[in-house]
Each structure stands twice: as C-alpha cells, then as structure tokens.
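Please open the model in a viewer and follow the selections below in order.

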Amino acid sequence: MEYISKIFFEEIIPEVIHEGFFANDVFGAVSFNTNIVELGKFYGNQTAKNPKPVLVIKNVENFSNVLEQYVNKALPFYFNKSSFSHDDIKETLGYAFSNATYYDFSNPVEYLKIRTAFLDDNLPNEKKTYLGFSPALSSEISIFCSKEKMLLETPYSLTPVLNRNDEEVALPKVMIGINGETCYIYALQNKVSENTKFKKEINRLLFKLDSGFIEPFESTNNVENPENLTGVTKSFLASLIITFGFLKSIGINNVIVPSFLPVRYNSHVISFNRRMKYYESIKTDKDKIDKIINDHEKEMSYYQENTTMKFIRTFRRIVYQSKGINVSFIPMQKDDSMHISITNEVLFDNDLENNLYVLAQDAAKKTCINKNNMIKS
C-alpha cells in the first residue's frame, strides 16, 4: 500500500497539476488539482480558459486503502501478467481519475470503490450472445461483450451486431461498468465502417424508431422550446434499446449515466496546447495557425454537443418513448449523473422498439444469462 500511495502522492499529483503524466513511454493527458484537507495542503493551479477539477482527499489513510484495492485489481485486469513494473503502477494511477465527474472528484473513495467493482464482474471477453431474429430489420441480432483498454471510459463494452447471410453491421458500442444491480454507461461509440448496401438498408429501417413519436417541449422562462429528441442518431437509439433489454435480463435494474467527464474534456485542450507549442517552435505561418485554432474551436463545440448533450438526449428519448423506463434523478439533482430505473414491465411506443427490447430481454432469459455468468449454455 505504501509503495502505491507513494507513487500517487509523490509522482502523480505533482505531474497532473500541469498537462499530464508520463509512464511506460506514454504521455497521459490527465490534469487535475488536489486538495488534501487533512493536511491542509493544496497542489495545483487554475486558469480561466481551462479550469481543472479538484481531487478532495479528506482522510489520507482511507483514500490510500481504496486506491490500493483499485490498483491491485486493475493491474492484472489491464496488463494481463503476474508481475508489474513501477511504470505499470504509475500508468494505472495516472488514469484512475480520467473518468471521474466533478462529484467523483469530491467523493474519491466512493468513486474508487465503484471503479473497483467494475473490475470484479468478470464479464466474458470477446464473447457473442445470440439474441434472435428481428422481422422488422430482417436480421439476426447478437450482442458482443469485450474488454476495453485502460485509457477508455470503462473496462467493458457491449456492441449489438446485425447479421444477414454473410453480411454484418455493428451498431454503436456501449461503454459499460457494472456494480451490483446498477450499470454505468459512460459513452456510445460509433465505429467508422464501409457504407455497404446492407448498412444503408439498416439505417433506413431504423427510421421506423420515429414512428408515432411527437417531439416534446420544455418550458424555459415561459417559452416553450423543443427538446430536440427527434435529432438523436437512430443507430445509437437502437443500440441502447437492445442494451437496456439485455441488461434487464441479467439482473440490472438501474442505469447511471455520467453527464460530463472534465478530465476527458480538458485532454482535448491539453493536446491542442501541445500541438500549438510544436507549430510555434517550427515557425508555422499565421494562416495555418489561424486554421488550427478555428478547427480546435469547432472540435470542442462538437465534443460538447455530441459527447455531452446529444448523449444525454439519447437516454431522454428512450425514457420519453417508453413506459417502465423512468428517470429517478436528472444531472445535478442528486449528483452530476442521470439515474434511470428499469421496471419489470417495459412497453415502448412503436413495434420496432418493442421488438428490439423484448428480443434482447427474452433471449437472455432463455439462455440463463446473469450478471455473474453472462454466457452459460
């Protein structure tokens, strides 16, 4: 424990108050400040353009204990070997808070316990579970579970896959971590693939998810504005519906959706600043610099809209179009995450949504899958 804590307090904290850390010949764009309340010490600096989250450590011993438990679980999970170097430990510590929300930074012991639980679940790696045939999409549907790399949001992902004859289309990947009866969903990722005839047909068919949907309005300062739930990407919506049905069948009753990950957002700023220093060092001309700055501003705007706002709207759309999937808390009500409950009776507004949800839920029941042993023939 002392060795792990020593690396964190003496190496990670001093490095991440700047632009990031180095370990295993890799730079990690992880940056935050640290307030050790018990010792009355603050490590860090703030800038108006790039405010950093603050890790609040109230009790050093308690924090060190859970940090050690997390690292001891994470090392064999991510490195897949029996002995670990100093840099292996440092890299694991460096990325430990890369997926923390502001609430998590204020409650790091709770956060580390949850992240440790994600590693306890032993979900199958590179395993595909057949869910059944969807008449609406004229396709066989499976769901693929895979382990992910440490620098990504979660240790596991679920990817619904559609097959017809020898052709295959993967829907967006759902980044998950499971803690008891609760699944945390941190991201939806769409892999770029060839736009085949089969994929184009599936994309057209997925517009049936809009059947019967009426855009809701929200009131702001006595002005009614559309929530823009119609604009969510249909493949993302389909992927989540299948995942929700699958999760319910393996004993998951609650879903928590972190709304904003400040370290990941700031990593784009850090990468941009490093690029700018390089371009300035080689005397890049002003027009190119202006274009780089303009592209970066567009990138950050896109990140905020798609990674945060559109991500949350996709879950809002599922809740709005269903009975039995309910929002318990919106972001900033309890913490900075959306909390969703999945009841035993779920009914969607249209046939395609019901088909996808029930297919995933019933297939898992038939194969006796549960969250502790997801593949059991």
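Select E353 and display its surroundings: apart from neighbours within four places in sequence, E353 is in contact (heavy atoms within 4.5 Å) with L209, I241, Q321 and F348. The model is a predicted one, in which local features need pLDDT of at least 70 and side-chain atom pairs pLDDT 80 or more, while totals for chains, interfaces and linings use all residues. Residues are numbered from 1 along each chain as its sequence is written, and side-chain values use heavy atoms, with hydrogens and water left out.

E353 belongs to helix α10 (residues 351-366; helices are DSSP runs of H or I with at least four residues, strands runs of E with at least two). E353 is buried (under 20% relative accessible area, 1.4 Å probe, protein chains only). E353 has no salt bridge (a side-chain nitrogen of Lys or Arg within 4 Å of a carboxyl oxygen of Asp or Glu). Which side chain of opposite charge is nearest to E353? It is R317, 4.9 Å away.

Move next to R317, which lies over the face of F213 at 3.9 Å from the ring centre (CZ of Arg or NZ of Lys within 6 Å of the centre and within 35 degrees of the ring normal).

Then select F77, whose ring face has K147 over it, 4.1 Å from the ring centre. F77 is buried at 11% relative accessible area, and Y156 is buried at 3%. F77 lies in helix α2 (residues 60-79) and Y156 in strand β8 (residues 156-164), 79 residues apart.

Finally, select F8, F9, F32, F63, F97, F105 and Y111, a cluster linked by ring pairs (centres of Phe, Tyr or six-membered Trp rings within 6.5 Å).

Notes. Buried < 20%, exposed > 50% of the residue type's maximum accessible area, 1.4 Å probe, protein only. Phe/Tyr/Trp six-rings, centres within 6.5 Å; stacked < 30°, edge-to-face > 60°. Lys, Arg positive; Asp, Glu negative; His and termini not counted.
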